[in-house]
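Please open the model in your viewer and keep the selection panel at hand. The tour below goes from one selection to the next, and says at each stop what is there.

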2 protein chains.
Amino acid sequence: MSERATWEATAIEGLRAAERGAAERLALAIDIGGTKLAAALVEPGGRVAHHDRTHTPVDLDAEGLWRSLLALLDKLVADAGDPPLAGIGVGCGGPMRWPSAEVSPLNIPAWRDFPLRDRLRERYPGLPVRVHNDAICVAVGEHWRGAGRGRGNVLGMVVSTGVGGGLILDGRLVDGASGNAGHIGHVVVDPAGPPCKCGGRGCLEAIARGPGLVAWAQEQGWRPGRTDVTGVELTEDARRGHPVASAAMDRAGRALGIAIASAAHLCDLEVVSVGGGLSQAGPLLFDPLEEALRAHARMDFARQVRVVPAALGQTAGLVGAAALVFAADRYWNAD
Amino acid sequence: MSERATWEATAIEGLRAAERGAAERLALAIDIGGTKLAAALVEPGGRVAHHDRTHTPVDLDAEGLWRSLLALLDKLVADAGDPPLAGIGVGCGGPMRWPSAEVSPLNIPAWRDFPLRDRLRERYPGLPVRVHNDAICVAVGEHWRGAGRGRGNVLGMVVSTGVGGGLILDGRLVDGASGNAGHIGHVVVDPAGPPCKCGGRGCLEAIARGPGLVAWAQEQGWRPGRTDVTGVELTEDARRGHPVASAAMDRAGRALGIAIASAAHLCDLEVVSVGGGLSQAGPLLFDPLEEALRAHARMDFARQVRVVPAALGQTAGLVGAAALVFAADRYWNAD
């Protein structure tokens, strides 16, 4: 072989090895919420290869919580045999300054302006570290590998103790001015409705969040067996036919349908995926949702929108966090 | 000079000439509405160099209307000395199949599924022809060279006989599934509100469109001097302090503020520009708008949104149509 041919062969082999390496690398995906810290090693195709989780410690300061997170990550990576990493993707409860990710999760008082991205960059030098809102990661996961797969215009919603979401339009995640696009929970569904924790009134979240539903049902005379109840008990009673519990689910479903009609008109959506604890209620929630949606989404294009249950369950946020690493062309617009 | 150097010099000169030519070429911009047909030759920087307009003929069939449009365009181009064209950009009343632009403008019954894009391509062979909804062209114009210039996340609204808009997010025009993103007029502002022409109830447009306002004011006892009145007379009476006319403007402003709060939360907007006839009402409309917006846009990020009057006036749609030609990287995502 000539010198040039030898050089070319070597270069090509090197490129192929680099490709193999890249294909084998895993994303370290992290999901940080008020009740649990979860982490996973995710393959480039979106399969969760290894995962682990722990309760979010409530009695620690900022550094103690950070050490707990690191312990979870170190154990996960060690248990998996210390594989090469492609990058770090994180979904974290908001609010946060984005994309720098100084995080102040509502339900994690220990972290206020905690420099999560900088800390992870120090811990994993040379690797991309990308942090987004946890509900946005769920939406990205459902778009990448779940209920919104293959569609260009998707709203991914999480209906739980809050109501959040993420917005994929024209095939790309929309960040908005400050990384907060997708906040469907504060779309106004009834300007004369109940006050919202945000300071507004009649927001979707004020009506459809689990604790809001429970409070409304109790005001209306729902008397569950115990005091420490959640949307789970309310859903169970609605299933048994309790009229007030049923009315509460109906009210939440209607509010969701109205908000989705507004979003479908404003954003020309194809699919809305609905996940989170309350979505487990099934037809109790989805039937009134569809009824209100069909009453209000009347322009021809808006009638096309389909509302579907989220497909990925608990791992959606981790899969979405991995997509920030593996499919940055669609889901990561920042530096 | 060597042969190669000669070839390079020739090629560079050719490129420069092509650049000069491209820089000098004008966009032929067209705005097709129920009351007027307007056309302009627009410079690459957005300046309207020549323009002309005519009333939309109401007594012609599809082909007659097409010939009227061609006559307007031919005269405009001839009067300007037949300059070289960079392409054709069109804003047309909806609905339409997009991007193929078979148009069926609500207020132009002569055109139903009229193949506007194909016809313009036949007339101007070899040039790009790009058609979008007229309200979207207004939003694009305001983003490119008007009130939203330099901002990444902008909703451009038109409040007139209808309420329309266009949405620029993360610096790019959002089309949505069928080219209909930006339809703020059908965001629900009061689910128990008046019926809307779309078949829904409580849409922004049902409350804030000029004819809707006039009808409401007349129901409430407003008795203008003549029968054939519009939002213009209503605005004048509100300015004079007529209580019902003032209440009507207040009602429209509040509805706009609520819809904008919802859009600001869902899309994380920086600027909302408000144009169209009713926006001429000034503080009569903008004061109650701001009050409702500030009451409902309470999340920190949503408080940042600014609502401003549109800057370009009547030419916004033409400037936006030209932007479909000159700034396709941001405003044209189709083939």
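In which sense do E6(B) and E7(B) pair, and over how many bridges? Select these two strands of chain B in what is a predicted model, and you will find that E6(B) and E7(B) pair in the antiparallel sense, with two bridges between them. To see one pair of facing residues, pick Val103(B), which stands opposite Phe114(B) in E7(B).

Now widen the selection to the sheet around this pair, which is an open sheet of three strands in the order E5-E6-E7 of chain B, with antiparallel pairing. Strand E5 (96-97) and E7 of chain B stand at the edges, and because each has a single partner strand, one side of each is left without a neighbour in the sheet.

The next stop is helix H3 of chain B, residues 116-123, where the buried residues are Leu116(B), Arg117(B), Arg119(B) and Leu120(B). These residues cover an arc of only 165° around the axis, so they lie on the same side of H3(B). If you then display what covers the buried residues of H3(B), you will meet, among other elements of chain B, helix H2 (62-79) and the strands E1 (26-32), E4 (85-92), E6 (102-103), E7 (114-115) and E8 (129-133).

From that cover, select E8(B), and colour its residues by burial. Five of the five residues of E8(B) are buried, so this strand is largely enclosed by the rest of the structure. Adding E4(B) to the selection shows a parallel pairing, in which five bridges join E4(B) to E8(B); here Cys92(B) stands opposite Asn133(B) in E8(B).

Turn next to chain A and colour it by domain: the domain assignment gives domain 1 as 24-134 + 316-327, and domain 2 as 147-311. If you place a marker at the centre of each, taken over C-alpha atoms, domain 1 and domain 2 of chain A are separated by 27 Å.

Finally, show both chains together. Chain A can be laid on chain B with an RMSD of 0.0 Å by a turn of 180° and a shift of 0.0 Å along the axis, which means that the relation is that of a two-fold axis. To locate this axis from the side of chain A, select Asp190(A), whose C-alpha is the nearest to the axis in that chain, at 2.9 Å from it. As a last selection, take the interface residues of chain A: 100% of them are also interface residues in chain B, so the copies meet through the same surface.

How values were computed. Residues numbered from 1 in each chain as written. Chains lettered and ligands numbered in written order. Predicted model: local features only at pLDDT ≥ 70, side-chain atom pairs only at ≥ 80, totals over all residues. Heavy atoms only, no water. Domains from an automatic or database assignment. Least-squares fit on C-alpha atoms with pLDDT ≥ 70 in both. Contact = heavy atoms within 4.5 Å. Buried < 20%, exposed > 50% of the residue type's maximum accessible area, 1.4 Å probe, protein only. Helix = DSSP H or I, 4+ residues; strand = E, 2+ residues; numbered from the N terminus. Arc of directions from axis to C-beta. Pairing = 2+ DSSP bridges.
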